[in-house]
Amino acid sequence: MSVQATATEMVAPGKGILAADESIATMSARLEKAGIAPTEDNRRAYREMLVTTPGLAEGISGVILCDETFHQSTSDGRPFPVALADTGLLTGIKVDTGAEPLAGAPGEKVTEGLDGLRERLAEYASLGARFAKWRAVIVIGEGRPTSRARRANAHALARYAALCQEAAVVPIVEPEVLMEGEHSMAACAAATTATLLDVFAELREAGVALDGAVLKPNMVVPGKSSGERADPEQVAKATVGTLRGAVPAEVAGIAFLSGGQPVIQATENLAAMRDFEVPWPLTFSFGRALVDPALAAWQGRPERVEAGQDALADRVRGNAAALTGGDMV
Ligand code: 13P
């Protein structure tokens, strides 16, 4: 199938993407925080609980996995990509290997993972991966982001995206401008615009087909420690305005990350975007805003799998409703 057809499926009307691709270290930390032993099998059982949620495919087009989960199986013996395909869900795979300090740019990072990526993508594709994800992180504050950090990350994103398309895998291009900091909403808008302009310049330079790629940006929000408040209408207006100024119309779709926003706030901000005309399908590719309530409800206890699944189903319904105009809570 062409990357264009897959990308269209990923951002189908009323559907979002579930980001369940936390690294082993991040997932282990989240399990521990929830009082659950951070073992390989608990990470597996948690992901099995999520992806076997009844009716998941009604509001979700695909699930992003990390390498560990990609190679694990559900308790009935099906590899995760097969279990996803059986329920009508596309399999995504996070292929970056994390953000490392960028030389010459104190306090900023560049995302790594290009070495051997062609071979890894070919293997993932042969095992059922239909799309991939690479996340760059951009920080705001004290002269940051620098052009050096933006461009290094944009270049890596473009090389990754070109390699994905070569393997018939849709790249999710995720340049996340972090919420952490005391910066204003206007500073977030400016950093997001500068970042996106650099990203699309590099994507074009690398020959990436934009209609076969999905952008996963942050929403434009005030810094977490800024004391500034923005209601959903303000967030939607600033976000859509920023995207209109920087994202080419050919991009197959835009799927927002939640970035640590409170669960319901992320949904309300998403819903407020419906009031704006934009040239791309807009949807969600949330991690925490979809799964946090499910992790809390599950507690790592087999007898609470249904409670965890109910919590996930509730947030999937809420966010799907944000896209189509139904009851969100
Ligand atoms: P959050 O929605 O928790 O930000 O996660 C999305 C994601 O995939 C981050 O890379």
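**Close-up 1. Helix α11, a helix wrapped up by its surroundings.** Eight of the 11 residues of α11 are buried, so this helix is largely enclosed by the rest of the structure. Keep in mind as you look that this is a predicted model. The buried residues to pick out are Ala289, Leu290, Val291, Asp292, Ala294, Leu295, Ala297 and Trp298. And what do the buried residues of α11 pack against? They sit against β1, α2 (24-33), α3 (40-51), α10 and α12.

**Close-up 2. Gln299, just past the end of α11.** Right after α11 comes Gln299, with a positive phi of about 60 degrees. Most residues other than glycine have a negative phi. Gln299 has its positive value although it is not a glycine. You'll find Gln299 in the loop between α11 and α12. Is Gln299 buried, partly exposed or exposed? It has 13 C-beta neighbours inside 10 Å, so Gln299 counts as partly exposed.

**Close-up 3. Helix α10 and its neighbours.** Helix α10 covers residues 263-272, and its buried residues are Ala266, Thr267, Asn269, Leu270, Ala271 and Ala272. These buried residues pack against a mix of helices and strands: α9 (232-244), β9 (253-256), β10 (282-284), α11 (288-298) and α12 (305-324).

**Close-up 4. Helices α10 and α12 side by side.** Two packed helices are described by the angle between their axes and the distance between the axes. For α10 and α12, the angle is about 25 degrees and the axes are 8 Å apart. That makes α10 roughly parallel to α12. Which residues meet here? From α10 come Val263, Thr267, Leu270 and Ala271, and from α12 come Arg315, Gly318, Asn319 and Ala322. Sort the residues of this contact by class and you get four nonpolar, three polar and one charged. A handy thing to remember while you look: an α-helix has 3.6 residues a turn, so residues three or four places apart point the same way.

**Close-up 5. The open sheet and its edges.** Eight strands make up an open sheet, and the pairing is parallel. Follow the strands across and the order reads β1-β2-β3-β6-β7-β8-β9-β10. The edge strands are β1 (16-19) and β10, each of which pairs on one side only. Elsewhere in the sheet, β7 and strand β8 (residues 214-215) run parallel and are joined by two bridges. Look for Val173, which stands opposite Leu215 in β8.

**Close-up 6. Strand β3, covered on both faces.** Five of the five residues of β3 (residues 90-94) are buried, so the strand is largely enclosed by the rest of the structure. On one side you have Leu90, Gly92 and Lys94, on the other Thr91 and Ile93, and all of them are buried. Strand β2 (residues 60-65) pairs with β3 in the parallel sense over four bridges. Strand β6 (residues 129-138) also pairs with β3 in the parallel sense, again over four bridges. Thr91 is a good residue to zoom in on: in β3 it is the bridge partner of Val63, and it stands opposite Ala129 in β6.

**Close-up 7. The residues around the ligand.** Who lines up around the ligand? The residues there are Ala19, Arg135, Glu174, Leu257, Ser258, Gly259, Phe286, Gly287, Arg288 and Ala289. By class, this shell has four nonpolar, three polar and three charged residues. One of them, Ala289, is also on the list of buried residues of α11.

**Close-up 8. Two loops with backbone surprises.** Most residues other than glycine have a negative phi, and most peptide bonds are trans. Between Arg144 and Pro145, though, the peptide bond is cis, with omega near 0 degrees. Pro145 has its place in the loop between β6 and α7 (147-166). Next, find Ala168 in the loop between α7 and β7 (170-177). Ala168 has a positive phi of about 60 degrees although it is not a glycine. With 16 other C-beta atoms within 10 Å, Ala168 is partly exposed.

**Close-up 9. Pro279 and Ala249.** Pro279 lies in the loop between α10 and β10. Why does Pro279 count as exposed? Pro279 counts as exposed because it has 12 C-beta neighbours inside 10 Å, and a residue with 12 or fewer is called exposed. Now look for Ala249: Pro279 and Ala249 are 30 residues apart in sequence, and their C-alpha atoms are 5.5 Å apart in space.

Conventions
Residues are numbered from 1 along each chain as its sequence is written. This is a predicted model: local features need pLDDT of at least 70, side-chain atom pairs count only at pLDDT 80 or more; totals for chains, interfaces and linings use all residues. A residue is near a molecule or strand if its C-beta atom, placed from the backbone, lies within 6 Å of it. Ala, Val, Leu, Ile, Met, Phe, Trp, Tyr, Cys and Pro count as nonpolar, Asp, Glu, Lys and Arg as charged, and the others, Gly among them, as polar. A residue is buried if 20 or more other C-beta atoms lie within 10 Å of its own, exposed if 12 or fewer, and partly exposed in between; C-beta atoms are placed from the backbone. Two strands pair if DSSP finds at least two bridges between them. Two residues are in contact if their C-beta atoms, placed from the backbone, lie within 7 Å. Axes are lines fitted to C-alpha atoms, for helices over the stretch in contact, and angles run from 0 to 180 degrees between N-to-C directions. Angles under 35 degrees count as roughly parallel, over 145 as roughly antiparallel, 65 to 115 as roughly perpendicular and the rest as oblique.
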